[in-house]
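Here's a quick tour of a few spots in one protein model. Have the structure open while you read.

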Amino acid sequence: MSSTATLRAAVAPRSTALTHALFLVGGVAFISLMAQISIPVPGSPVPVTGQTLAALLVGTTYGARLAVSTFAIYILAGIAGAPIFAPSSTLPSHGLDRVLSATGGYLIGMLVASLLLGYLADRKADQKFATSFPALILGEITIFGFGLVWLHNSLDLSWSATIAAGLTPFILGEVLKIAITATSLPLVWRKISRSLNR
């Protein structure tokens, strides 16, 4: 495998302030676009979105420092008024109220997961399926751990109701996201390694 730690570094090995800024802006735009893929879940305030996949990809490709900076700027831009959070029929698509709402824990969980996955990617965890798969599971546990605790406390639900509203409807989709990411990243790394070794 490549001696380069992250995919971002492999794509732009000579990082400058300009390339750093471009990756930052591109990452925020990517997360924002993925958040717009939103499907309401009956009986739950939490929609199915592409946001978790964005958190997994940004974390595993950017490395810890850039990943957490990117996700933090995404959240701050949303708080400042940019309508970039996942659409909801009951919640605003921007503002501090959205972050403090019952679904805000998922956003915080994604921020922490981007840092965690970036840290592991800095240590080449994403370059092999055997290390990428458990790293991504840990990322998902982080996202849903924060999300479920926040949901439970915000709505004063029982734990069975919290899990039914905030976890059960998402399991299949999250398993697919993990499988796609854990399978595709090592394939990308193999292509990069071949091109670097030519």
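What follows covers two residues and one helix pair.

This is a predicted model, where local features need pLDDT of at least 70, side-chain atom pairs count only at pLDDT 80 or more, and totals for chains, interfaces and linings use all residues. Residues are numbered from 1 along each chain as its sequence is written, and side-chain values use heavy atoms, with hydrogens and water left out.

Start with the two residues. Helices here are DSSP runs (H or I, at least four residues), numbered from the N terminus. Buried means under 20% relative accessible area, with a 1.4 Å probe and protein chains only. Contact means heavy atoms within 4.5 Å.

| Residue | Place | Relative accessible area |
|---|---|---|
| Leu24 | helix H2 (17–35) | 16%, buried |
| Ser101 | loop between H5 (96–99) and H6 (104–122) | 9%, buried |

Skipping neighbours within four places in sequence, Leu24 is in contact with Leu66, Ser69, Thr70 and Ile73. Leu24 also sits 8.3 Å from Ala67, C-alpha to C-alpha, though the two are 43 residues apart in sequence. Under that same sequence cut, Ser101 touches Leu91, Trp150 and Ser154.

Now the helix pair. The axes of H7 (residues 129–155) and H8 (residues 159–166) come within 9 Å and cross at roughly 125°; axes are lines fitted to C-alpha atoms over the stretch in contact, with angles from 0 to 180 degrees between N-to-C directions. H7 and H8 are therefore oblique to each other, a label for angles outside under 35 (roughly parallel), over 145 (roughly antiparallel) and 65 to 115 degrees (roughly perpendicular). On the H7 side, the contact includes Phe144 and Leu148, and on the H8 side Trp159 and Ile163.

How values were computed
Helix = DSSP H or I, 4+ residues; strand = E, 2+ residues; numbered from the N terminus. Buried < 20%, exposed > 50% of the residue type's maximum accessible area, 1.4 Å probe, protein only.
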